[in-house]
There are 2 protein chains.
Amino acid sequence: LAAARAAFAARGYDRTTIRSIASDAGVDPALVHHYFGTKADVFAAAVQYPVSPGDILARLTAAGQDGMGAELTGFLVQLAEDPASRGSVLALVRSAVVEDEAAGMLREFISRVLLTAIAPTLPFPEHESRLRLELAVSHLIGVLLVRHVVRLEPLASAPAAEVVARVAPVIQQYFGPRPPSSVAT
Amino acid sequence: LAAARAAFAARGYDRTTIRSIASDAGVDPALVHHYFGTKADVFAAAVQYPVSPGDILARLTAAGQDGMGAELTGFLVQLAEDPASRGSVLALVRSAVVEDEAAGMLREFISRVLLTAIAPTLPFPEHESRLRLELAVSHLIGVLLVRHVVRLEPLASAPAAEVVARVAPVIQQYFGPRPPSSVAT
């Protein structure tokens, strides 16, 4: 699974083969097939969220409306910062951009696990809470892409703590008491 | 080029061949080679920014500090909304996530064209202006991905005008007079 995560993160879903994963891991491809099945099965096992959904939910539901921006930002930026989890996070995001199946996996995870549990902790109607959370998450996905994949400077080399300090209060705007759109209307 | 844009947008860089582009366009692959060269050359020609860099720069430099959030947001959201330009925009972003060459192209475009011209219109040191612009652009790239690729609801179906009205004032935080990080320090 470590070899699979490294391969999916480095080469993306399309260019990764079970053969190359088996080779990296020093085992026979038949063994990978035997234990995991298809490439899609290997992917699903490899990009298992690097922390348990239970932990994510506990942190985010505890954050509440006022702490949501900081908690979401700190959580995702740190996840991509830690070498142990960066591979899985980037593999998930990169694959989601090109693979319908992986996009579906990410959509399912965000929609069914994350939003379903977090939305009720915000003081808005369900639809409104979901939209705000999606806008906040979209910013964080963009930050991970620009920082770790496109590697645009100076963002790519900025310390994680500085990124969190700048992004968290901006994202928090989505969880303020009044709709952010009120500024424009 | 229309066939190439459609192919790169739908299948990504890796799975698109000159043969398939030629077939979609009803011409001989040799003709494509003759006029454009390699697949990378076809890509470069196909993902030509759907509006001229000159137009982008004129709009953004005219926006100034107070109008930057609204102008950046309105520009990119509308670009992805218009069926005529959505293909090129998404092809660029999708390919940048998996292809080092395409990531390099996007990095070059944002860094050398966009940031070099826009950063001096903001009242911050160059490094600070670039970092703020990159954070703003990262949010917009994330919105395009979540809205048009991952297609997370309700964001995927929200009217473009509503997306702009919600996102623009949030992004504008990056261009306010005080560093957004001052909230956290």
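This note sets out numbered remarks on the predicted model and on the interface between its two chains, A and B.

1. Basis. The model is predicted: local features need pLDDT of at least 70, side-chain atom pairs count only at pLDDT 80 or more, and totals for chains, interfaces and linings use all residues. Residues are numbered from 1 along each chain as its sequence is written, chains are lettered from A and ligands numbered from 1 in the order in which they are written, and side-chain values use heavy atoms, with hydrogens and water left out.

2. Extent of the interface. Chain B and chain A each give 45 residues to the contact (heavy atoms within 4.5 Å). The buried area between them is about 4400 Å², with 67% from carbon and sulfur atoms; buried area is the accessible area (1.4 Å probe) that two parts lose on being put together, summed over both. Of the area that chain B buries against chain A, 15% is supplied by B:Val97, B:Leu152 and B:Arg166, more than by any other three residues.

3. Polar terms across the interface. The rule finds 2 salt bridges between chain B and chain A, a salt bridge being a side-chain nitrogen of Lys or Arg within 4 Å of a carboxyl oxygen of Asp or Glu. B:Glu128 forms a salt bridge with A:Arg166, and the closest N and O atoms are 2.8 Å apart. There are also 9 residue pairs in polar contact across the interface, both residues at pLDDT 80 or more (N or O atoms within 3.5 Å; within protein, one must be able to donate a hydrogen and the other to accept it, and residues adjacent in sequence count only if both atoms are side-chain atoms).

4. Elements on the chain B side. Helix 6 (83-98), helix 7 (100-118), helix 8 (126-149) and helix 9 (160-172) of chain B are the elements that give two or more residues to the side touching chain A; helices are DSSP runs (H or I, at least four residues), numbered from the N terminus. Helix 8 of chain B provides the largest share, 15 residues. The residues of this side divide into 25 nonpolar, 7 polar and 13 charged (Ala, Val, Leu, Ile, Met, Phe, Trp, Tyr, Cys and Pro count as nonpolar, Asp, Glu, Lys and Arg as charged, and the others, Gly among them, as polar).

5. Charged side chains. Over all chains, the search finds 12 salt bridges. One of the pairs is A:Glu126 with A:Arg130, at 2.7 Å from N to O; both lie in helix 8 of chain A, 4 residues apart, about one turn of the helix. A:Arg132 lies over the face of A:Phe124, at 3.8 Å from the ring centre, and B:Arg132 lies over the face of B:Phe124, at 3.8 Å from the ring centre (CZ of Arg, or NZ of Lys, within 6 Å of the ring centre and within 35 degrees of the ring normal).

6. Backbone between helix 8 and helix 9. The peptide bond from A:Glu153 to A:Pro154 is cis, with omega near 10°, and A:Pro154 lies in the loop between these helices of chain A. In chain B, the bond from B:Glu153 to B:Pro154 is cis, with omega near 10°, and B:Pro154 is in the loop between helix 8 and helix 9. A:Arg151, in the loop of chain A, has a positive phi near 55°.
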